[in-house]
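Please open the model in your viewer and keep the sequence at hand, since this tour moves from one selection to the next.

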Amino acid sequence: MPGRFDPASLKLYLVTDRPLALGRDVSWVVEEAVKGGVTMVQLREKDIDTKDFIKLGLELKSLLKPLGIPLIINDRVDVALAVDADGVHIGQSDMPYPIARKLLGPDKIIGLSVENLEDIAKANELDVDYVGISPVYLTSTKTDTAAAFGLDGLREAVSLSKHPTVGIGGMNLQTVADVIRIGADGVAVVSAIMSADSPCEVSAKLNTEIDRGIRERSMSWSAQVWERSSKIYESILGLPFIKELAAGTLPASKFSRYLAQDEVYIGNYGRQMYELADIMNTKEDHDLFVAYADSGIESEKIMHAMLIERFNVDTAVEASPVTREYNAHTRNAIETASREIGLAAMLPCMWIYNRVGLYILGIAELEGNPYREWIEEYGNEEFTRSTEEVVAMLDKWALSVDEQTRSRMTEAYLKGALYEYAFWDYGYRGDEADYSYMNCLSQWI
């Protein structure tokens, strides 16, 4: 097997499907997809005669060979030989691997679909070049498949296989990063490219998502969510509220509006911290979170009381739509009874506040700044240390949960991060502004 092909070729593996090409020439779709970064192409044709299959294969070979992109033929060893393609991909019900290898010789690539762990164990005894784990998710493009692996099944399959692996089934912009992060060497994409208005543009976007998955393989959960929420965080730093708070020029009326809502939010947050403590798995963790709630909330209350008196803030206010939605988000996360999801939802109120506090400390003019106490509260060493402990705890938990829980942790955190942005935005702009962007998380990550 060494020398036949580079497993890196599996990274973005296009599998053609003529009916999904929207009436366009398959060769045109392939050419555009290659411009966007496709690294391997499998020609799959079920409904044309052998002569036309060979003709199309020769077209694609003339396009791909100068670019060093392998051309694989689906199922048909005879067509692969006629075209002198780089190899074939066979399924469990196709020509047996030993016969295919004998016909093709030692230098051609042969990929094999595997549909369960038993198939993988058998494939480990063969000198195949890669295995296609199929299906990761159920898909309309292949209806004759076994039960879906899912991400947890995929993790087990990748771990079991001694060969390079490619995820097949349901591969699109929303799924490829997770499949790569799990450990697959590549993804086999069909409809997401074949039916795209711009196969080039979609292929480029898929490559970006795949690269994110590669980076995340070696990253902790917290590093992953921080990277994914970086646009939100950078947008928070650019808010007029934050800039003027740091400069000490924020109008008192805007700070008072923010503080009144924060008083409402913190009251609910404190109760939810105690509820979160009650779903901890150990007494040690329970007591730790009670201590966090006791010390953290008490410290904020003291700071709040001082600022409320200084700015004569009326705290007898209704929760704003932003405050209501944010509190509902954390409450719903805790009601899942998952400590991991619950804490992930509540983390932005600690982590982002701490990072913003540290940022402002680095740029603010504290002397004479009327908001100095607020800035020092969220950038102090004790708050920073507590936040780092919580982040480390979530990273530890994330290592032992299933992929569904991990995904829900990530979503809970990202939604919370966007609510943090909206919370400061509301403080500055008030009730007249539109905050519907809170329901458009995908545009922020």
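The stops below cover a helix crossing and then some aromatic pairs.

Bear in mind throughout that this is a predicted model. Begin by selecting helix 11, residues 230-237, together with helix 16, residues 339-363, whose axes come within 11 Å and cross at roughly 45°. The two helices are therefore oblique to each other, since an angle of this kind falls outside the ranges for roughly parallel, antiparallel or perpendicular, and the crossing of helix 11 and helix 16 is right-handed. To see what makes the contact, show the side chains of Tyr-233, Ile-236 and Leu-237 on helix 11, and those of Ile-352, Arg-355, Val-356 and Tyr-359 on helix 16. Sorted by class, this contact has six nonpolar residues, one charged residue and no polar ones.

Next, turn to the aromatic rings, for which the count comes to 27 pairs. Select Phe-255 and Tyr-371, whose ring centres are 4.4 Å apart and whose planes stand at 40°, so that the pair is tilted. Where do these two residues lie along the chain? Phe-255 belongs to helix 13, residues 252-278, while Tyr-371 sits in the loop between helix 16 and helix 17 (372-378), so the pair ties together parts that are 116 residues apart in sequence. Both Phe-255 and Tyr-371 are buried.

Finally, select Tyr-426 and Tyr-435, which form a tilted aromatic pair with 5.8 Å from centre to centre and 55° between the planes. Are these rings' residues buried or exposed? Tyr-426 is buried, with a relative accessible area of 6%, and Tyr-435, at 10% relative accessibility, also counts as buried, because the cut-off for that term is under 20%.

Conventions
Residues numbered from 1 in each chain as written. Predicted model: local features only at pLDDT ≥ 70, side-chain atom pairs only at ≥ 80, totals over all residues. Heavy atoms only, no water. Axes fitted to C-alpha atoms, helices over the stretch in contact; angles between N-to-C directions. Helix = DSSP H or I, 4+ residues; strand = E, 2+ residues; numbered from the N terminus. Parallel < 35°, antiparallel > 145°, perpendicular 65-115°, else oblique. Left-handed = near helix turned anticlockwise from the far one by under 90°. Contact = heavy atoms within 4.5 Å. Nonpolar A, V, L, I, M, F, W, Y, C, P; charged D, E, K, R; others polar. Phe/Tyr/Trp six-rings, centres within 6.5 Å; stacked < 30°, edge-to-face > 60°. Buried < 20%, exposed > 50% of the residue type's maximum accessible area, 1.4 Å probe, protein only.
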